[in-house]
Amino acid sequence: MTVVLYDSAVSGNCYKVRLLFALLGVEYERQPLSVVDKSDREEVLGGLNPGLRVPTVVLDDGRPLGESGAILWYFADGTHYVPSDSYDRAELLQWMFFEQYSHEPYVATPRYIAKHLPADHARRAELPARLATGRAALAVMDSHLKSRQFFVGERYSIADIALYAYTHVAHEGGHDLTPYAAVRSWLVRVAAQPGNVSIYARPRG
Ligand SMILES: N[C@@H](CCC(=O)N[C@@H](CS)C(=O)NCC(=O)O)C(=O)O
């Protein structure tokens with residue numbers, strides 16, 4: 001069986017998985033789902049991912065797995081995208097949990113609201129507060145990256161992939177990265193990694 005990726009072309013969470021799959025050469029079949037019309041989620045993802053979200057994968061042995069971070073970990077563990085030292089592995093998880101709790105809701109969600117919801121949608125009222133909290137997350141990243149090339153152990157890892165996915169398109173949600181010079185240098189560094197693919201590359205399948 002081939003790995004199946006339930007995917008949205010516009011989703012940064014799904015892009016994390018597409019990027020890792022490209023870097024590792026993982027063959028997969030893509031099943032596209034909308035992030036706007038979610039009426040088919042129960043029918044398609046029920047029984048695969050209790051959260052009914054994308055990305056969701058079905059492994060080549062038929063077992064399903066959800067959550068972008070868990071999928072990154074599953075496929076990258078044992079490769080040079082996950083360190084072997086136990087402290088470095090824990091530090092990698094530190095940054096992946098930071099991404100999910102302190103970064104994604106305030107960097108990714110404004111992009112979703114700005115790009116995919118109608119101009120008069122009530123959720124637009126959330127933007128100023130979300131952007132303010134997102135700036136705090138970007139400042140944390142900038143401070144960490146001032147003396148480092150990558151987030152963990154001076155190597156490109158899935159912590160970089162997780163944080164890169166929405167940071168490099170943060171402007172689409174209204175963020176201005178001008179004050180975060182170390183973040184901007186890191187974005188260039190990640191984009192220059194061999195095998196990098198764009199979030200806008202036409203997804204396969
Ligand atoms: N924590 C999850 C978040 C996944 C997520 O929110 N996916 C969005 C697309 S980016 C989705 O499926 N949203 C559907 C919904 O809100 O019900 C992850 O990292 O995979």
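**View 1. The shell around the ligand in this predicted model.** Twelve names to look for here: Ser-11, Asn-13, Val-35, Lys-38, Arg-41, Arg-53, Val-54, Pro-55, Glu-67, Ser-68, Gln-100 and Tyr-166 surround the ligand, each with a heavy atom within 4 Å of it. By class, that shell has four nonpolar, four polar and four charged residues; Tyr and Pro count as nonpolar and Gly as polar. Numbering runs from 1 along each chain as its sequence is written. Local features need pLDDT of at least 70 and side-chain atom pairs 80 or more, while totals for chains, interfaces and linings use all residues, and side-chain values use heavy atoms, with hydrogens and water left out.

**View 2. Polar side chains meet the ligand.** Gln-100 puts a polar side-chain atom 2.7 Å from a ligand nitrogen. For Arg-41, the partner is a ligand oxygen at 2.9 Å, and for Asn-13 a ligand oxygen at 3.5 Å. On its own the ligand exposes 510 Å², and the protein buries 82% of that (Shrake-Rupley, 1.4 Å probe).

**View 3. The ligand takes up the largest pocket.** "Sits in" here means more than half of the ligand's atoms lie within 2 Å of the pocket's grid points. A pocket is an open set of points on a 1 Å grid over the protein atoms alone, where a 1.4 Å probe fits, with protein on both sides within 12 Å along at least five of seven lines; lining residues have an atom within 4 Å of a point. The volume is about 660 Å³, counted as the space filled by probe spheres set on the points. Of the 26 lining residues, Asn-13, Arg-53, Val-54, Glu-104 and Tyr-166 are closest to the centre.

Key: Polar contact = N/O pair within 3.5 Å; in protein donor to acceptor, adjacent residues only side chain to side chain.
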